[in-house]
Amino acid sequence: MFSQSRRFLLGALLAALPLAAYAGGDYGSVRLHDDEQNLIDSSKQLHNYFEAHALLYNDDKVLGLVRRIGHELRPMPADDYVEYEFYVLRDPSPNAFALPNGHVYVNTGMLARLDDEDQLAAVLAHEISHVAGHHGIIEHRATKKKAITSMVFGGVPIFGGVLALGLQTSVYGFSRELEQEADDHGASILLASRYDPHALPEMLDTLSQDYEGLDPRLPTIWSTHPETRARAETSRALVASMPKRERSIGAFEPGVLGVRTLTIQDYIRDDYPQTALALADELAKRYPNDARLQQLLADAWQGLGAQPRIEDPAALSNSDKKHNLKDHARKTHEQRLAEQLATETGRAAYEANLARAEQIYRHVLEIDPSYAVAYRGLGEVYEQQKRDRDAAAAYLTYVRSAPDAPDRSLVVTRLKSITVKIKESSNDRS
Amino acid sequence: MIGAKARIVATWLAALAVSAQAFAEKTTVEFANGATRPKSVALMPVETTVNRAKVVDTDSLVDQGLRYGSMFNERVKALLESRGYAVEVVDTNRLNPDPQLQEYVVEATRGFKDMMSKYKPKKLESRIYNAGPSAKLLAQKLGVDALVFSNMSVTITGAGKAIVSGLFGGTTSGANANLEVVNGKTGDLEATFLAIALVTPGDKTDEDLAAYVDTLAKRTMNRMPGSDPNSRIDVAQSDDDVLNEADAVLKR
């Protein structure tokens, strides 16, 4: 994932660049200079990279939703090198980006956080504005005049380093001025469409949520990317006088439910448990009788490990956030868990989180006694609680109830090692 | 005068590059002694960057990168097979028809990259680096003992510019490759291999680039031990045996 730590690095590096004073986007036709055709070629080639690395998310429902709205909003291109196309990328970070050739990508992580079609329209309107305003080309022209060494950017791993220098800001964010311009222009696209312009500040509020407490507000880190909360306030003021419209929710929720659950699973796997828990909690409240979503909630509690739940990330100090960011970037999950378990607070949190997870797994089985995955969850909790016999029994039930489960042999391996432990401890006792 | 000085510096830098070790490896003890050495591996799509660097910009040749990444995997496959490994290559032909495989590859790759972002070579032997459950699931789906992740980078500079830009902190021409072996059963990082190659400044043909890829593949594999089944102690037990044994233990 494009982790917070990597964004931290890129933000710091971008902040070190001397910036041009931008005159703003150009919404007419922009003729490419000779060396700029490479930006268009690279944009096309990047798509091949996404395909080769299985990063394109091709679910018909989700892609259909994004493309329908994107095609509704896109203007007629002013240049023949621009062709608006819309794609979804498999990535849990809440990001979307547009390349100079008109290809717009929305991450699954972004879709998972949106509430309705209007918020998605706000994202797409913003990205379309970057293309229509030729921001990628303008920014490239401004930055290449400076004495930037490509070694500076070469050190930041972005899409495996395949991005041409001129495309990196397209993916990670343009200057403060151009981002604000895209917000403003995006609002006018929404106003001219059937979508609600008030969805724009809502979408920015969503982007600014920092569940993990990893987002220190240092002026230098975000100096080339306007702080999202500030952008939300500015756009709220901009749309205040615009009409509020009825929201389109109907097709949205069934379309993105799969992406929501996928994103939560991704966050658990990628060790962003606070985010996973916040999103899972919201979903579980909306669907209290859905065994699958309650299971996800339990998995998210388990994923917290020995961290207490952060109820209010906004209350964390900048210094706490800086510490969290450094910790997350430098230490593995196991290293952090070991450190947390060495403290009384950590051990108490661990016990409480596992207990909560156990309670929810049991609740899943009340909703649906045949939901075998809950037994796997119970097995994992019991294993961590050193309840070996209970863990073995739970794993056994899982494997026997779900003989075709894709992770069957992994669970059998765990069962094998627990069985050995039980035998050894019985031998010790006798 | 400037030309003469540049030639002296170029000669000095070239001598330095040739004398520096062109490959390196780091493994866990268990990998070195064979206990966790795999019999079968799957090669993941290679993260390749081919850049044509100018003094203040780069052209990133993404399509060429994809092509040379595949070539690198082909070379590595041949070298691994010559050392007794069974090798699968995960490429677009394999990925395109299988959405579940795509999902596993993406998740495993993310877990791997996150792991490597925290990697310190001196801590490899303490086994704190794990690519996560997705790597294990992927290995299981592919039916292999280990996953191999590689990345390769080739940077070409224009003739005459490399030394100047190198002195002032710009991009120099060069090529390097990394190859990591992840244990498919545990998800642990078992081994890392690194190779570098000197790339002279100036435009390169396809044949030139292919030759660099070939050199990198050979150098990366230079210290890769053979797959020696005699070094491992495998006690085969069927899933049913495991379940029955667990049943019996719980009934006691």
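**Buried residues, an open sheet and a packed helix in the predicted model**

R231(A) is buried, with a relative accessible area of 4%, in a model that is predicted rather than experimentally determined. This arginine belongs to helix α11 of chain A, which spans residues 228–239. Its side chain engages the side chain of D183(A) in a polar contact at 2.8 Å.

Chain A as a whole contains 20 helices and three strands. Of its 430 residues, 57% count as buried. Among contacts in chain A with a separation of 6 or more, 73% involve residues 24 or more positions apart. The chain exposes about 17,500 Å², of which carbon and sulfur atoms supply 52%.

The three strands of chain A form an open sheet with mixed pairing, in the order β1-β3-β2. The edges are occupied by β1 (85–89) and β2 (96–98), each of which has a single partner strand, so one side of each is left without a neighbour in the sheet. On average, neighbouring strands are turned by 15 degrees against each other, direction ignored. Strand β2(A) runs antiparallel to β3 (residues 103–107) of chain A, and three bridges join the two. Within this part of the sheet, A98(A) lies opposite V104(A) of β3(A). Helix α2(A) packs on the sheet and touches β1, β2 and β3 of chain A, its direction making about 35 degrees with that of β3(A). Helix α3(A) also packs on the sheet. This second helix touches β1 and β3 of chain A, and its direction makes about 145 degrees with that of β1(A).

The loop between α2 (37–52) and α3 (60–73) of chain A holds H53(A). With a relative accessible area of 9%, H53(A) is buried, because a value under 20% meets the criterion for burial. Leaving aside residues up to four places away in sequence, H53(A) touches P45(B), V46(B), E47(B), L66(B) and V106(B).

V106(B) is in turn one of the buried residues of α5(B), which also include L101(B), Y104(B), R110(B), F112(B) and M115(B). Helix α5 of chain B comprises 19 residues (99–117) and reaches 27 Å from its first C-alpha to its last, close to the 27 Å expected at 1.5 Å a residue. The cover over the buried residues of α5(B) includes α12 (252–269) of chain A. From chain B, the covering elements include helices α4 (92–95) and α6 (133–142), together with strands β6 (146–157), β7 (174–183) and β8 (189–197).

Terms used. Residues numbered from 1 in each chain as written. Chains lettered and ligands numbered in written order. Predicted model: local features only at pLDDT ≥ 70, side-chain atom pairs only at ≥ 80, totals over all residues. Heavy atoms only, no water. Helix = DSSP H or I, 4+ residues; strand = E, 2+ residues; numbered from the N terminus. Buried < 20%, exposed > 50% of the residue type's maximum accessible area, 1.4 Å probe, protein only. Polar contact = N/O pair within 3.5 Å; in protein donor to acceptor, adjacent residues only side chain to side chain. Expected span 1.5 Å × (residues − 1). Contact = heavy atoms within 4.5 Å. Areas by Shrake-Rupley, 256 points an atom, 1.4 Å probe, with all protein chains shown as cover. Pairing = 2+ DSSP bridges. Axes fitted to C-alpha atoms, helices over the stretch in contact; angles between N-to-C directions.
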